[in-house]
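User: I should like to learn how to read a ligand site and the nonpolar cores of a protein model. May we work through an example?

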Amino acid sequence: MQVVAERCTGCLKCVDYCSVGAISKVSGKRLVEIEEDECVECGVCKRSGVCLTDALFQPELAYPRRIRAEFSDPSVPHPSTGGGGRGTEECKTNDVTGRYPRGHIGMACEMGRPGVGARLYQLETVAMALAKLGVEFEKQNPVYYLYEDPKTGKVKEEVKNEKVLSAIIEFGTTPDKVPAILETLRQVQKEVKTVFSVDMCSLIEPDGSIPVEQIAREAGANLRPNGKSNIGLGRPRFNFFGSGEESGSPGEKEEQR
Ligand code: SF4
Ligand code: SF4
């Protein structure tokens with residue numbers, strides 16, 4: 001985002017709308033400036049309509065800066081997944097997508113938050129630590145296409161310094177690996193100078209128990225049970241009580257999509 005100096009009256013109304021505090025007053029002038037390296041291109045300041053003189057201008061963004069808008073502005077879709085926002089359905093919608101079948105655990109690290117944001121080199125630090133444990137990064141997630149090598153979690157050199165509001169490292173694993181993953185995340189959080197939260201999901205067993213709950217408690221995690229009600233998203237695309245394969249005839253499967 002840029003400020004057209006000739007139109008800016010220095011009213012400062014846009015300052016409080018910036019999601020990362022990148023707008024500030026120019027000393028001694030009735031004018032604001034945007035710190036280019038901090039701006040995540042979320043578009044909130046402009047979309048809010050708070051600027052009555054139309055002094056906020058969104059130029060066309062080239063790669064790699066465009067990545068900021070793809071992850072931070074919900075109106076800009078990710079070319080890799082077609083989704084907006086963080087571009088993934090996340091493991092939280094597993095009851096419909098069935099990404100993580102019975103016996104598997106879906107996990108995610110939500111890097112950054114509005115007000116803080118995250119640099120992609122910070123995401124890389126977490127992803128590389130996880131990759132050493134043999135996790136499989138989710139392909140239906142735009143972060144997957146930022147990796148130079150999804151096996152190592154290394155991020156492409158040219159995107160490392162890009163800043164986004166939030167991006168989700170998402171991966172599948174097996175129950176036996178969860179304690180080591182949580183311990184690794186406890187260690188790596190000391191190196192990463194931004195916030196991240198950790199999601200874990202598993203299918204509910206027919207008796208109502210939640211496998212990941214017990215595993216996480218035994219590993220010393222403080223749980224905050226959370227859920228998404230997927231009313232209206234349609235029937236599950238897989239067999240809840242089977243092997244995790246999609247349910248229905250080929251025609252039905254197509255309808256379910
Ligand atoms: S686009 Fe977003 S980050 Fe950039 S100045 Fe506007 S509100 Fe702040
Ligand atoms: S709202 Fe518009 S006129 Fe007021 S400080 Fe921001 S850019 Fe300048």
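Analyst: Certainly. This is a predicted model. A site is read from its surrounding residues; here the shell of ligand 1 consists of Met1, Cys18, Ser19, Val20, Ile23, Ile34, Cys39, Val40, Glu41, Cys42, Gly43 and Cys45.

User: How many residues of each class make up the shell around ligand 1?

Analyst: One sorts the neighbours by side-chain class. The shell holds 9 nonpolar, 2 polar and 1 charged residues.

User: Where does ligand 1 sit?

Analyst: A cavity is closed to the probe, whereas a pocket is open. Ligand 1 occupies the second largest cavity.

User: Which residues of the largest nonpolar core touch the most other members?

Analyst: A core is read as a set of buried nonpolar residues joined through their side chains. The largest one comprises 38 residues, and Val126, Leu130, Phe137 and Ile169 touch the most other members. Two or more residues each come from helices H2 (66–72), H4 (120–131), H5 (178–188) and H6 (211–218), and from strands S5 (105–111) and S11 (167–173). The greatest contribution is that of H4, with 7 residues.

User: Which residues does Leu130 touch, beyond those up to four places away in sequence?

Analyst: With those neighbours set aside, Leu130 touches Cys109, Val135, Phe137, Ile169, Phe171, Ile181 and Leu185. Another core, of 19 residues, lies apart from the largest one and includes Ala22, Leu31, Cys42 and Val50. Cys42 is also one of the residues around ligand 1.

User: What describes the chain as a whole?

Analyst: One counts its elements and its buried residues. The protein chain has 7 helices and 12 strands, and 44% of its 257 residues count as buried.

Methods. Residues are numbered from 1 along each chain as its sequence is written. Chains are lettered from A and ligands numbered from 1 in the order in which they are written. This is a predicted model: local features need pLDDT of at least 70, side-chain atom pairs count only at pLDDT 80 or more; totals for chains, interfaces and linings use all residues. Side-chain values use heavy atoms; hydrogens and water are left out. A residue is near a molecule or strand if one of its heavy atoms lies within 4 Å of it. On a 1 Å grid over the protein atoms alone, a cavity is a set of points where a 1.4 Å probe fits but cannot get out, and a pocket is an open set with protein on both sides within 12 Å along at least five of seven lines; lining residues have an atom within 4 Å of a point. A molecule sits in a cavity or pocket if more than half of its atoms lie within 2 Å of its grid points. Ala, Val, Leu, Ile, Met, Phe, Trp, Tyr, Cys and Pro count as nonpolar, Asp, Glu, Lys and Arg as charged, and the others, Gly among them, as polar. A nonpolar core is a set of buried Ala, Val, Leu, Ile, Met, Phe, Trp, Tyr and Cys residues joined through side-chain atoms within 4.5 Å. Buried means under 20% relative accessible area, exposed over 50%, partly exposed in between (1.4 Å probe, protein chains only). Helices (H or I, at least four residues) and strands (E, at least two) are DSSP runs, numbered from the N terminus. Contact means heavy atoms within 4.5 Å.
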